[in-house]
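Subject: Structure handover and what was found in it

Dear colleague,

Here is the structure I promised to pass on, with the sequence alongside. Please look it over first, and then read the notes that follow, which take the findings topic by topic.

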Amino acid sequence: MMPTTSLLLLLGLALLAPGLSADQCVLTGRWINDQGSDMTIEAVNSNGEFTGTYHTPVMTTTKDIKASPLVGIQHSKTQPTFGFTVSWNFTDTTAVFTGQCFVDTEGKEVLKTMWLLRSHVNSIADDWNATRTGTDNFTRLP
């Protein structure tokens, strides 16, 4: 039979092992936000850099809405902060998101974000109306 001290030490090491933390939040995967936008984040490299695609159903355009490329970076923590840019390929707008990946009280991953959406305008006089802001919450898709 294993001594109690050894068993407790083994259990403690297992709980502290990287990747086994109950509050580990991972950006990689497929996400959906409150508005039905669908985002896929590919693997995050050792520098925290990642790429992916973003598809939104909420743009005001007469063009076909297509999935658009995103590029970003995260800090390597159990609940990392991150930022990414979406270059919309069907309109002359760019969006930047910043946020943090959390594990909620039920153990589900949530991305809490704030964004800026910059639309193209034809003159500096229209600049006042070119940037919108908002927030989104993303949850992981299966």
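A disulfide, as the word is used here, is a pair of cysteine sulfur atoms within 2.5 Å. By that criterion the structure, which is a predicted model, holds one disulfide. The two partners are cysteine 25 and cysteine 101, and their sulfur atoms are placed 1.8 Å apart in the model. The angle about the S-S bond is -65°, and the link of cysteine 25 and cysteine 101 is left-handed. This pair links distant parts of the chain, since cysteine 25 sits in the loop between helix H1 (4-16) and strand S1 (29-33) while cysteine 101 belongs to strand S6, 76 residues apart. Buried is taken to mean under 20% relative accessible area, and both ends of the link meet that cut-off: cysteine 25 has a relative accessibility of 3% and therefore counts as buried, and cysteine 101, with 0%, counts as buried too.

Glutamine 79 touches both of these cysteines, and its other contacts, leaving aside residues up to four places away in sequence, are Asp23, Gln100, Phe102 and Val103. Glutamine 79 is found in the loop between strand S4 (68-74) and S5, and because its relative accessible area is 22%, this residue is classed as partly exposed. Its C-alpha atom is separated by 6.1 Å from that of glutamine 24, although the two glutamines are 55 residues apart along the chain.

To place these details in the whole, the chain has one helix and eight strands, and their order along the sequence follows the pattern α-β-β-β-β-β-β-β-β. Strand S8 (residues 131-140) has pairing partners that can be followed in the viewer. Strand S7 (residues 109-119) pairs with S8 in the antiparallel sense over nine bridges, and one of the residues involved is methionine 114, whose bridge partner in S8 is threonine 135. S1 and S8 also run antiparallel, joined by three bridges, and here isoleucine 32 has threonine 139 as its bridge partner in S8.

Serine 119 is found in strand S7, and because its relative accessibility is 17%, serine 119 counts as buried. Not counting residues up to four places away in sequence, serine 119 touches Asp92, Thr93, Ala130 and Arg132.

The aromatic residues deserve a careful look. If two rings are taken to pair when their centres lie within 6.5 Å, the count comes to seven aromatic pairs. One of these is formed by tyrosine 54 and phenylalanine 138, which are edge-to-face, at 6.2 Å centre to centre and with 80° between the planes. That pair links distant parts of the chain, as tyrosine 54 is in strand S3 (residues 49-55) and phenylalanine 138 is in strand S8, 84 residues apart. Both tyrosine 54 and phenylalanine 138 are buried.

Phenylalanine 84 and phenylalanine 97 give another geometry: their ring centres are 4.7 Å apart and their planes lie at 15°, so the pair is stacked, given that planes under 30 degrees apart count as such. Because phenylalanine 84 lies in strand S5 (residues 81-87) and phenylalanine 97 in strand S6 (residues 93-103), the pair ties together parts that are 13 residues apart in sequence. Phenylalanine 84 counts as buried because its relative accessibility is 2%, and phenylalanine 97 counts as buried at 6%. Ring pairs link these two residues, along with Phe50, Tyr54, Phe82, Trp88 and Phe138, into a cluster.

Which residues have the most contacts inside the largest nonpolar core? They are Met39, Tyr54, Phe84, Val86, Phe97 and Leu111, in a core of 21 residues. The elements that give two or more residues to this core are strand S2 (38-41), S3, S5, S6 and S7, and S6 gives the most, with four residues.

Finally, some totals for the chain. Buried residues make up 28% of its 142 residues, and the accessible surface comes to about 9,200 Å², of which 59% belongs to carbon and sulfur atoms. Among the contacts with a separation of 6 or more, residues 24 or more positions apart account for 38%.

With best wishes

Key:
Residues are numbered from 1 along each chain as its sequence is written. This is a predicted model: local features need pLDDT of at least 70, side-chain atom pairs count only at pLDDT 80 or more; totals for chains, interfaces and linings use all residues. Side-chain values use heavy atoms; hydrogens and water are left out. Rings of Phe, Tyr and Trp (its six-membered ring) pair if their centres lie within 6.5 Å; planes under 30 degrees apart count as stacked, over 60 as edge-to-face and the rest as tilted. Buried means under 20% relative accessible area, exposed over 50%, partly exposed in between (1.4 Å probe, protein chains only). Contact means heavy atoms within 4.5 Å. Two strands pair if DSSP finds at least two bridges between them. Accessible areas come from the Shrake-Rupley method with a 1.4 Å probe; for residues, only the protein chains shown count as cover. A nonpolar core is a set of buried Ala, Val, Leu, Ile, Met, Phe, Trp, Tyr and Cys residues joined through side-chain atoms within 4.5 Å.
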